[in-house]
Amino acid sequence: MRKLILFLTLATATLAFAAERENIWDLEVHTDKKGFDQLSVYEVGSKTKKPLMKFTAKKESTEYLDSQEIYFSKFNKTYLLTRWAHGAHGQIMRIFDPTNKHALIETYLTTWPIEVAVLEDRLKLTVAVEKFTGDNEPDLVEKYWIPDGKETKASPSSSPEAPHSP
């Protein structure tokens, strides 16, 4: 059983449309006695040792990989994106709001690594779905997560990346 404690400082996404900000959270990741990875989030510079939130992965095969703070200036809100290993090459991406009582907002599971692009007011996620094409490559689906809690699937006529007319 590994007993590894990592203190991580998150990299803040610097985006053309989002104000550059300092990190607002410190993370502690360790493996508990049952072999599960546990994530604790603290306010930067907090004098108390009480975390804003704790999250424990409930399966031994679910290992913490990395995380990133994402600030959306349009909503004046910061979210925590975490990536966890799932099986041989799959991933789970969890979106948290550590300041909220119900910190876990959204979970995305995929059989291959998740690609994430941060747009002005949403995240664009490319995830692999369970069914495969004839060449054994996974079918990829683009999904969009918007901080208001709504999720949309990409379609040519409603793509959020389409230019807006004045």
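This report walks through a predicted model of a protein chain, from its overall make-up to its strands and cores.

**The chain as a whole**

Welcome to an all-strand layout: the chain has 13 strands and 0 helices. Of its 166 residues, 42% count as buried. The chain exposes about 10,100 Å², and carbon and sulfur atoms supply 51% of that area. Among contacts between residues at least 6 apart in sequence, 35% join residues at least 24 apart.

**How confident is the model?**

The mean pLDDT of the chain is 74, with 71% of residues reaching 70 or more. Two stretches call for some care when you look at the picture. Over residues 1–19, pLDDT stays under 50, and the model has 51 contacts beyond four places in sequence for them. Residues 155–166 also keep a pLDDT under 50, with 6 such contacts in the model.

**Strand S4 and its partners**

A good place to start exploring is strand S4, residues 37–43, where 6 of the 7 residues are buried. S4 pairs with S3 and with S5, as the table sets out.

| Pair | Sense | Bridges | A bridge partner pair |
|---|---|---|---|
| S3 (residues 25–31) and S4 | antiparallel | 7 bridges | Glu28 and Ser40 |
| S4 and S5 (residues 53–56) | antiparallel | 4 bridges | Leu39 and Phe55 |

S3 and S4 form a hairpin, with 5 residues between the two strands. In its turn you will find Gly35, which has a positive phi of about 90°.

**The nonpolar cores**

Which residues touch the most other members of the largest nonpolar core? They are Leu39, Val41, Met53, Leu80, Trp84 and Phe96, out of 14 residues in this core. At least two residues of this core come from each of S3, S4, S5, S7 (77–86) and S8 (90–96). S3 gives the most, with 3 residues. In soluble globular proteins, nonpolar side chains tend to be buried together.

Met53 is a handy residue to follow here. Setting aside neighbours within four places in sequence, Met53 is in contact with Leu39, Ser40, Val41, Phe96, Pro98 and Ala103. Apart from this core lies another one, of 13 residues, including Ile70, Tyr79, Tyr108 and Ile114.

**Putting it together**

To find your way around the model, begin at S4 with its 6 buried residues, then step across to S3 through their 7 bridges or to S5 through their 4 bridges. From there, Leu39 and Val41 lead you into the largest nonpolar core.

How values were computed: Residues are numbered from 1 along each chain as its sequence is written. This is a predicted model: local features need pLDDT of at least 70, side-chain atom pairs count only at pLDDT 80 or more; totals for chains, interfaces and linings use all residues. Side-chain values use heavy atoms; hydrogens and water are left out. Buried means under 20% relative accessible area, exposed over 50%, partly exposed in between (1.4 Å probe, protein chains only). Two strands pair if DSSP finds at least two bridges between them. pLDDT is the predictor's confidence in each residue, from 0 to 100. Contact means heavy atoms within 4.5 Å. A nonpolar core is a set of buried Ala, Val, Leu, Ile, Met, Phe, Trp, Tyr and Cys residues joined through side-chain atoms within 4.5 Å. Accessible areas come from the Shrake-Rupley method with a 1.4 Å probe; for residues, only the protein chains shown count as cover.
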